[in-house]
Structures are given as structure tokens and as C-alpha cells.
Amino acid sequence: MKILIIEDEKTLADSIKLLLTSKGFEADAVNDGESGEDYAMLNIYDLIILDVLLPKQNGFQVAKHIRQKHNGTPILMLTAKSDIEDKVMGLNSGADYYLTKPFDSRELLACVNALLRRQGSQVNELIYGNTKLDIDTAALICDDENVRLSAKEFEIMRILMVSGKNHISKESLLTKVWGYDSKAVENNVEVYVGFLRKKLISIGSNIRIEAVRRLGYHLECDSSC
């Protein structure tokens, strides 16, 4: 599998490349939007990791141009902003998925693997155990039961389903869901996790949100998973 990294922060680009090559991927890195688009149009990559804030062309423009040229390579967009407007703009520009900086290397790898498993088609849902998270409708679905999530419930559940059994700290959830400048506190995370737990039970899900002191949250699945 060959991955293109389009990221202007050279240190970050190099660290992502090193991480990917250590996992057996081939990876190339470029540092501006115009070069990134040129590389992408070579049609030799299985996945594109695309930053938003780039010189010459921003990530939204690059994604849009790639899609206009009928290139269907999956795009994982990186953004330093957690505003829903930026995420919607990224998805509407042609990205298949987004990841908010800062991110854990395990979270990045989970996103990469999820996209590669669905290579050639847009990621419309995440699945864990017997439960689906519909990206388009922000609904949790289990068999014939479903429940709609609020914006913040959706963001938290998305992060947890991507991370699976890997721990996500409350601090990380605060940053990713509420943003750097928010006055929200860890109790806000606890409240929304409580909402999600009740909704998972209401649809008969076999996954649970577990909390580990000082480490944060992760998903567990019963023996039927």
C-alpha cells in the first residue's frame, strides 16, 4: 500500500512517514498544495493524508481539484480546527474522513486502516461490535433500532469507535470535541459519555464505554463480538 502525505510542517510530515513505513506502508511526503495535487494525480497512491493549512493551495482546494479530475483515492484530511464548519467543508470538498490535530499515532493508524479497508468508496459508517455509527445521519444503529446523536455525542462516539480499545483521555476529548479555546471542563465529557451509554443500552448494543482512572475511555464488546 502506497500513501501520499501532503503536510507543510516538515517535522510532522517526516514523523507520519516514519510511522507509516514502520508499519509496512510505502509513503511519500510533499510540503505544499500544488505539489501535493500533482503527486496525487499520478494515480499511484492508495490513500492521501492531506493537511488543510498549506502554502500555494489549501487542503480544501486540493481535495476539490482531485475530485473534479475524477480521482477517487481516499482522502484523510488533517485539521487543527475542531469547528464543525471546517469539518463539513472538508467533507464537502471531497475528503472521506477527517482527523483533528493533535492526534495520537494510534488514532492516525486506525483511520488509515479504516479507509484502506474501504478503498475506492466513501466512508459512510463506522462499525464496532453489532453497532454502526452512520456518518451522514449521525445515528447509532443496532439491528432495527436506531437513535440520533447530538453533534457532541456524535463526535465523541466517532472518536471512540475509531480508537476501539485504545484509551482516549478526557483532555483529548475536550480538545477534539469542544476545541482549544473552550471553557468546557472534564465534567462536560463525563455528562456526554453518560448520554451515550444510555443510548447504547436503548438500542441493544453489545458495546460499552469503559472508563479507566487517569487513562480515559475506551470501548469494550461482550463475548458475542
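Here is a short friendly conversation about helix packing and salt bridges in this predicted model.

Trainee: At roughly what angle do the axes of helix α1 and α5 cross?

Mentor: Two packed helices are described by the angle between their axes and the distance between the axes. Here α1 (residues 10–22) passes α5 in a right-handed crossing. The two axes come within 11 Å, and they cross at roughly 65°.

Trainee: Which residues of α5 meet α1?

Mentor: The contact of α1 with α5 divides into six nonpolar residues, one polar and no charged. On the α1 side are I16, L19 and L20, and on the α5 side they meet S105, L108, L109 and V112.

Trainee: Is S105 buried, partly exposed or exposed?

Mentor: S105 is found in helix α5. Buried would need under 20% relative accessible area, and exposed over 50%. S105 has 36%, so it counts as partly exposed.

Trainee: Which residue forms a salt bridge with D51?

Mentor: D51 sits in strand β3, and its partner is 50 residues away, in the loop between β5 and α5. Both residues of this pair are buried. The closest N and O atoms are 3.1 Å apart, and the partner is K101.

Trainee: Which residue in helix α7 does E190 meet in a salt bridge?

Mentor: E190 lies in helix α8, so the pair ties together parts that are 20 residues apart in sequence. E190 counts as partly exposed at 34% relative accessibility, and its partner is partly exposed at 22%. The side chains meet at 2.5 Å, N to O, and the partner is K170.

Methods:
Residues are numbered from 1 along each chain as its sequence is written. This is a predicted model: local features need pLDDT of at least 70, side-chain atom pairs count only at pLDDT 80 or more; totals for chains, interfaces and linings use all residues. Side-chain values use heavy atoms; hydrogens and water are left out. Helices (H or I, at least four residues) and strands (E, at least two) are DSSP runs, numbered from the N terminus. Buried means under 20% relative accessible area, exposed over 50%, partly exposed in between (1.4 Å probe, protein chains only). Axes are lines fitted to C-alpha atoms, for helices over the stretch in contact, and angles run from 0 to 180 degrees between N-to-C directions. A crossing is left-handed if the near helix is turned anticlockwise from the far one by less than a right angle, and right-handed if clockwise. Contact means heavy atoms within 4.5 Å. Ala, Val, Leu, Ile, Met, Phe, Trp, Tyr, Cys and Pro count as nonpolar, Asp, Glu, Lys and Arg as charged, and the others, Gly among them, as polar. A salt bridge is a side-chain nitrogen of Lys or Arg within 4 Å of a carboxyl oxygen of Asp or Glu.
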